[in-house]
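Good morning, colleagues. Please turn to the sequence and the structure as they appear on the screen.

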Amino acid sequence: MRPVALALFAGLLAGPALVPAAFAQDAADLPKQNWSFAGPFGTYDRASAQRGFQVYKEVCSACHSMKLVHYRDLSGIGFDAKQIAAIAATVEVSGGVNDDGEPFNRPGLPSDMFKSPFANDNAARAANNGALPPDQSVLLNAREGGADYIYDLLTGYADPPAGMTMGDGMNYNKYFPGHQIAMGQPLHDDQVVYSDGTKATIEQEARDVTTFLAFVANPEMEERKRLGAKAIIFLALLTGVTYAVKRRVWADVDH
Amino acid sequence: MAGLHNSEFSNPVINWIDTRLPIFTMMQKEYGSFPTPKNFNYFWNFGALATVNLLLMIATGVFLAMNYTPNTSMAFESVQRIMRDVNYGWLLRYLHSNGASMFFIVVYIHIFRGMYYGSYKKPRELLWILGVVILLLMMATAFMGYVLPWGQMSYWGATVITNLFSAIPLVGDSIVTLLWGGFSVDNPTLNRFFSLHYLMPFVLIAVVFLHVAALHITGSNNPLGIDVKTPQDTLPFHPYYTAKDSVGMCVWAMVLAALVFFAPNFLGDPANFIPANPLQTPAEIVPEWYFLPFYAILRSVPDKLGGVSMMFGSIIVLFILPWLDTSPVRSARFRPIYRVLMWVLVIDLLALGAVGAHRPEGIWVVIGRASTAWYFLHFLVLLPLLGKFEKTLPLPDSISQPVLKGGIGGGPLAGAAAAQSMEKN
Ligand code: HEM
């Protein structure tokens, strides 16, 4: 009987937290994938995230910026200091002004932010038929459905159904709200050549780049879950001890 | 009336201070020996939980403010920087955002407790009114806090809600201009919201102090809703209720940890990961979950002024609840009809919450109107009448009497009471 009171109490606290789930708006039916980073113990599949970075660098970064990410952050998916320095050095960034007051450029450093493909939003629109490719730093968190949505979007290009008139320069996509997206299909089979020999099917590329986008959107996730497991275990023990103390204290009360 | 306090503390340092400023005597009186009804169930944890939750919000908020930039061109990025580049910044931010949700869960349960056991009735009317003031302040604080990260929902939520004030006749537009500090939600709005968001929790502390001061004058209500008659009915607050509150706090911390560490964005809206864009209205403007029932009431009335009045009215009725409820019996345990009505009201509010999360189309309009009507019917019609017609059950003579007999039955919460009385087995 004793744990019942406690369970009741926990339920009371937790119950309302779950209610909003039932209230979620009717999201489109998205096919679900298994993700290495899902669940309470999930981590980013290092190899997949590194391949995903390659896809980002060779494909997406032509249009999409990633302004909140440093090159050094790549250590989170297993790149070592030397690899990161080499990756950063492939770009030219502004070094401010030199001693003569002249602006100059220098090779990128690990402490630099990812270099954006366009100088500003207007330039990005001009190059993309008027549409703005959104920054990808937290893009995965910014869409209902998260990783599943990104994957489905990237693999969801198809011919428009008969009778549907497409806007100028628009592409049909099964999962994009409204089905007309300004981004042309970015991924195709063998779009990139993976150095680890993985076959670059469109599904594989989409899965890899989505894993990478999940990492850049939530770089703290692995540490968060590790700390969380410790916190929950500690709190569970503390709850047990506290409850035992409470029962001791109340043992002699007629109530 | 001046004069040194005759302190009973033996520790010389404490005695020295207490003689000059008797805070130790006060703490001992109000939280040590304070006589508290012996029959509390776990619903009586939630006031203490709310206090701790408020402190958590202030503690995390102060550190967030050290790294936050209240400028429309930098606010979004500064928040993302806190998440990425500040040591344990993600922990601070997720504690603060999920802490706000927990705060509302705790306070909503706390209010439910007050309603179910009739804690608002004489002589606790003012205590209750201070509680409703706390609720309003909390809502204002949470609303302004949500604007600070300057995402799409921040911006458009602020626009929709501040615009409501324009419905007020004559002065409405001036009020809106004042809130905005200009002619649209912009940098001045963000600046004043930040300033007020930092200020209000300290006002809350002051009102909570008054709330607790009033509580310590009337003494606590209890699940039976009858007055304390003899010292046998009470226990000293410490160690009995400090121990019991600690259990609740551990469970509260566990729920919060589960959210923060494993589902930190579960209660949030993805659209707030998109920087605010005044030129692009999101497909759907939805407030945080804890405002959904009120948002539903707002949208259920076809007229703007009417909707705004009903929305604010839904909280105003709480102020006069002590006088709307005419029954002399406090606890729902002895009020067979009121007990059912309380649970119907809970379902009604959940329905309103669901309505608030959906576009006002089709069936949702019907549900929204019906549950809005029921909400006001409950408070304005049923409660005043119920006091006259309801046949209440006989009240026990004292708190110790039913306790000694091993608990009395009845009511959906009898399970908790029974579990409690069996604890000594
Ligand atoms: C910041 C939010 C709040 C804090 C920190 C707070 C704090 C407390 C504390 C510490 C107690 C004593 C412990 C207890 O009986 O649970 C209490 C009692 C009470 N509170 Fe609150 N409270 C808050 C909000 C509210 C609100 C919004 C209401 C009602 C609208 C309310 C109504 C009451 C009543 C009626 C009591 C006396 C309950 C009784 O003994 O039966 N409180 N509050």
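I shall speak about an iron site and then about a pocket.

Please bear in mind that the model is predicted. I begin with the iron atom of the ligand. Which residues of the protein serve as its donors? They are B:H110 and B:H211, each through its NE2 atom, at 2.1 to 2.2 Å from the iron. The two histidines come from distant parts of the chain: B:H110 belongs to helix α5 (residues 89-116) of chain B, while B:H211 belongs to helix α9 (residues 187-218) of chain B, and 101 residues separate the pair.

Six donor atoms surround the iron atom of the ligand, and because the angles they subtend run from 77 to 179 degrees, the arrangement is irregular.

Are these histidines buried or exposed? B:H110 has a relative accessibility of 17% and therefore counts as buried. B:H211, also at 17%, is buried as well, the cut-off for this class being under 20%.

I now turn to the second largest pocket, whose volume is about 1300 Å³. Its lining comprises 48 residues, and those closest to its centre are B:G47, B:T51, B:H211, B:V212 and B:L215. B:H211 thus appears both as an iron donor and in this central group.

The elements of chain B that contribute two or more residues to the lining are α2 (23-32), α3 (46-67), α5, α6 (125-147), α9 and α10 (237-262). Which of them gives the most? That is α9(B), with 10 residues. By class, 30 residues of the lining are nonpolar, 13 are polar and five are charged.

Technical notes. Residues are numbered from 1 along each chain as its sequence is written. Chains are lettered from A and ligands numbered from 1 in the order in which they are written. This is a predicted model: local features need pLDDT of at least 70, side-chain atom pairs count only at pLDDT 80 or more; totals for chains, interfaces and linings use all residues. Side-chain values use heavy atoms; hydrogens and water are left out. Donors are N, O and S atoms within 2.8 Å of the metal (3.2 Å for Na, K and Ca); water is not among the atoms, so sites may look incomplete. Four donors count as tetrahedral if all angles lie between 85 and 135 degrees; four count as square planar and six as octahedral if opposite donors are over 155 degrees apart and all others between 65 and 115; anything else is irregular. Helices (H or I, at least four residues) and strands (E, at least two) are DSSP runs, numbered from the N terminus. Buried means under 20% relative accessible area, exposed over 50%, partly exposed in between (1.4 Å probe, protein chains only). On a 1 Å grid over the protein atoms alone, a cavity is a set of points where a 1.4 Å probe fits but cannot get out, and a pocket is an open set with protein on both sides within 12 Å along at least five of seven lines; lining residues have an atom within 4 Å of a point. Grid points are joined across faces, edges and corners, and a volume is the space filled by probe spheres set on the points. Ala, Val, Leu, Ile, Met, Phe, Trp, Tyr, Cys and Pro count as nonpolar, Asp, Glu, Lys and Arg as charged, and the others, Gly among them, as polar.
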